[in-house]
Amino acid sequence: MLENKNYPYKFDETKCDTCEGNCCIGESGYIWITKEECIKLASLLKISVDELGTKYLFKAGYKFSIREKQISQNSYACVFFDLEKKQCGVYDARPSQCRTFPFWEYFKNNIEEVKEECPAIVD
Ligand code: SF4
């Protein structure tokens, strides 16, 4: 069970098995990745950072985000989400944004939204 004293909920990771990847699938959005995280991810994928950037990232302002793939009319998945296994395909090198879910600043004021999205949220 993961807790963060600044949030009014806990995260029970054992419930991730009951979900089909709601935190990696949904409306289109940004999956921010830092330079250090790019190095780790490129190493996991056994490709260069340049190749990672060209194939899997896009630039938004001065930052980089992981690309998405469209899976239905209004639904997108992170390009690294394994749609068959319903899990992250680069779990050990996933960026901090993914590691810190569901303790995102945004959810502090949108608790019902995270509860609806994630079956692992517990009071
Ligand atoms: S990197 Fe992994 S955990 Fe992060 S959004 Fe993509 S599939 Fe999900």
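Ala, Val, Leu, Ile, Met, Phe, Trp, Tyr, Cys and Pro count as nonpolar, Asp, Glu, Lys and Arg as charged, and the others, Gly among them, as polar.

The model is predicted: local features need pLDDT of at least 70 and side-chain atom pairs pLDDT 80 or more, while totals for chains, interfaces and linings use all residues. Residues are numbered from 1 along each chain as its sequence is written, and side-chain values use heavy atoms, without hydrogens and water.

**View 1. A nonpolar shell encloses the ligand.** The shell divides into 8 nonpolar residues, no polar ones and no charged ones. Cysteines in the shell are C24, C78, C88 and C98. F80 and F81 bring aromatic rings to the ligand's surroundings. V90 and P95 complete the list. A residue belongs to the shell if one of its heavy atoms lies within 4 Å of the ligand.

**View 2. A cis peptide bond joins F101 and P102.** Omega for this bond is about 5 degrees. P102 sits in a loop, with α3 (96-99) on one side and α4 (105-108) on the other. Helices here are DSSP runs of H or I with at least four residues, strands are E runs with at least two, and numbering starts at the N terminus. Most peptide bonds are trans.

**View 3. K46 has a positive phi.** The angle is about 60 degrees, and K46 is not a glycine. The residue is found in the loop between α1 (35-45) and α2 (49-56). K46 counts as exposed because its relative accessibility is 73%. The classes are buried under 20% relative accessible area, exposed over 50% and partly exposed in between, with a 1.4 Å probe and protein chains only. Most residues other than glycine have a negative phi.

**View 4. K86 has a positive phi in a loop between strands.** Its phi is about 60 degrees, although K86 is not a glycine. The loop runs between β9 (81-82) and β10 (87-88). Relative accessibility is 33%, so K86 counts as partly exposed.

**View 5. V49 lies in helix α2.** Its relative accessibility is 38%, so V49 counts as partly exposed. Leaving aside neighbours within four places in sequence, V49 is in contact with C38, I39 and A42. Contact means heavy atoms within 4.5 Å. G61 is 12 residues from V49 in sequence. In space, V49 and G61 stand 19 Å apart, C-alpha to C-alpha.

**View 6. Strands β1, β2 and β11 form an open antiparallel sheet.** The 3 strands come in the order β1-β2-β11. β1 (2-3) and β11 (121-122) stand at the edges; each has a single partner strand, so one side of each is left without a neighbour in the sheet. β1 pairs with β2 (residues 10-11) over 2 bridges. Two strands pair if DSSP finds at least two bridges between them. Opposite E3 stands K10 in β2.

**View 7. Strands β3, β8 and β7 form an open antiparallel sheet.** The order of the 3 strands is β3-β8-β7. β3 and β7 are the edge strands, each pairing on one side only. β3 (residues 25-26) runs antiparallel to β8 (residues 75-78), joined by 2 bridges. G26 has Y76 in β8 as its bridge partner. On the β7 side, 4 bridges link β7 (residues 68-72) to β8 in the antiparallel sense. Among the pairs here, E68 is matched with C78. S72 is matched with S75 in β8. β7 and β8 make a hairpin with 2 residues between them.

**View 8. Strands β5 and β6 form a hairpin.** β5 (residues 57-60) and β6 (residues 63-66) run antiparallel, joined by 4 bridges. K59 stands opposite F64 in β6. Between the two strands lie 2 residues. G61 in the turn has a positive phi of about 65 degrees.
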